[in-house]
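Me: I would like a close look at a single part of this chain, namely the sheet. Please describe how its strands are arranged and what surrounds them.

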Amino acid sequence: MVRERLPEPLKDLVDQLAGLPGLGPKSAIRMALTMLAWPEARTRELGRAIHELRDRLCLCDECRGLADRNPCAICSDARRSRETLCLVAEWDSLLAIEDGGFYQGLYLILGGLLAPLDGVDATGLNTDVLKQRLAQGEVRELILALGTTLEAENTASYINNMVAREYPHVSVTRLAQGIPLGAEVKHVDKETLRQSLLYRQNL
């Protein structure tokens, strides 16, 4: 096996890289050898960026997204509508919608979906943050952009019931069913996302 014949420092790096999503041992070896061919200053800069990653990032108090300042650039943008709040399960779903450039409201990252069999209930999600945002009285429409998986449907039902009970002044909509059944928001193409937001429906 090629890995076993590598010098120990290179083997350590390959093992770390191979643990990343989508990277197998062969790809990890190619990446490690590419880094080894870089000028020393470039590899040290990469190492510094990785080392300082956690120190330089924070969670936005308002949307719970990763950012380099608090509140983040989206939440502090005065041009965005504060009357619409788009609820997504994870940060990469926010990035997918934001990349389209067709939504000009604010976001909240739920931090996952209800999955009782996996031990994820409402207490493990950012439902308290959602309640705080809705209690402020600015939000008039909550858009559920959670996907169409079984977990997403269960989460949408839970959120809809909670909002109807505690915040009746807030209308709850969901992405239109242009999104294929079983798909996750982060994997949907831009045009489907645009149409889903444009033709969202009341729950």
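Reply: The account below begins with the sheet and then turns to its surroundings.

The model is predicted. The domain assignment divides the chain into domain 1 (2-56) and domain 2 (81-176). The centres of domain 1 and domain 2, taken over C-alpha atoms, are separated by 37 Å. An unreviewed UniProt entry places the feature "domain: Toprim" at residues 83-180. Over residues 83-180, helix accounts for 37% of the chain and strand for 18%, and the end C-alpha atoms lie 28 Å apart.

The sheet is open and is formed by 5 strands in the order β4-β3-β5-β6-β7, with mixed pairing. At its edges stand β4 and β7, each with a single partner strand, so one side of each has no neighbour in the sheet. As a general matter, strands of a sheet pair through backbone hydrogen bonds, in either the parallel or the antiparallel sense.

Consider the pairing of β3 with β5. These strands run parallel and are joined by 5 bridges. T84, found in strand β3, has E141 in β5 as its bridge partner. With a relative accessible area of 15%, T84 is buried, because this value falls under the 20% limit. Leaving aside neighbours within four places in sequence, T84 is in contact with Y103, G105, L106 and E141. E141 is thus named both as a bridge partner of T84 and among its contacts. By contrast, T84 and E8 are 76 residues apart in sequence and 54 Å apart in space, C-alpha to C-alpha.

The next pair in the order is β5 with β6. Strand β5 (residues 141-145) and strand β6 (residues 171-174) pair in the parallel sense over 4 bridges. Within this pair, L142 stands opposite V172 in β6. From β5 the chain passes through helix α6 (residues 150-166) to reach β6, and this β-α-β crossover is right-handed.

T149 lies in the loop between β5 and α6. Its relative accessibility is 17%, and T149 therefore counts as buried. Not counting residues up to four places away in sequence, T149 touches L113, G182, A183 and E184. T149 and T43 are 106 residues apart in sequence, and their C-alpha atoms are 41 Å apart in space.

At the β7 edge, the pairing sense is antiparallel: β6 and strand β7 (residues 201-202) are joined over 2 bridges. Here R174 stands opposite Q201 in β7.

The nonpolar residues come next. In soluble globular proteins, nonpolar side chains tend to be buried together. The largest nonpolar core in this model has 48 residues, of which L87, I97, L130, L142 and V163 touch the most other members. The elements giving two or more residues to this core are β3 (84-88), α4 (91-100), β4 (106-109), α5 (127-135), β5, α6 and α7 (190-198). Helix α6 supplies the largest share of this core, 5 residues. V163 is in contact with L134, L142, P168, V170 and V172, leaving aside its neighbours within four places in sequence. These contacts of V163 include L142 and V172, the two residues that stand opposite one another in the pairing of β5 with β6. Apart from the largest core lies another core, of 8 residues, among them L10, V14, A28 and M35.

Finally, the segment preceding the sheet deserves mention. The annotation "zinc finger region: C4-type", from an unreviewed UniProt entry, covers residues 60-75. Over residues 60-75 the chain is 0% helix and 12% strand, with the end C-alpha atoms 8 Å apart. Most residues other than glycine have a negative phi, and most peptide bonds are trans. R64 has a positive phi, near 70 degrees, in a residue other than glycine. R64 is placed in the loop between β1 (58-59) and β2, and at 24% relative accessibility R64 counts as partly exposed. The peptide bond from N70 to P71 is cis, with omega near 0 degrees. P71 lies in the loop between β2 (66-67) and β3.

Methods. Residues are numbered from 1 along each chain as its sequence is written. This is a predicted model: local features need pLDDT of at least 70, side-chain atom pairs count only at pLDDT 80 or more; totals for chains, interfaces and linings use all residues. Side-chain values use heavy atoms; hydrogens and water are left out. Domain bounds come from an automatic or database domain assignment. UniProt positions are given in the numbering used here, feature names are shortened, and annotations may be inferred rather than shown by experiment. Two strands pair if DSSP finds at least two bridges between them. A crossover is right-handed if, with the strands pointing away from the viewer, the path from the first strand over the helix to the second runs clockwise. A nonpolar core is a set of buried Ala, Val, Leu, Ile, Met, Phe, Trp, Tyr and Cys residues joined through side-chain atoms within 4.5 Å. Buried means under 20% relative accessible area, exposed over 50%, partly exposed in between (1.4 Å probe, protein chains only). Contact means heavy atoms within 4.5 Å.
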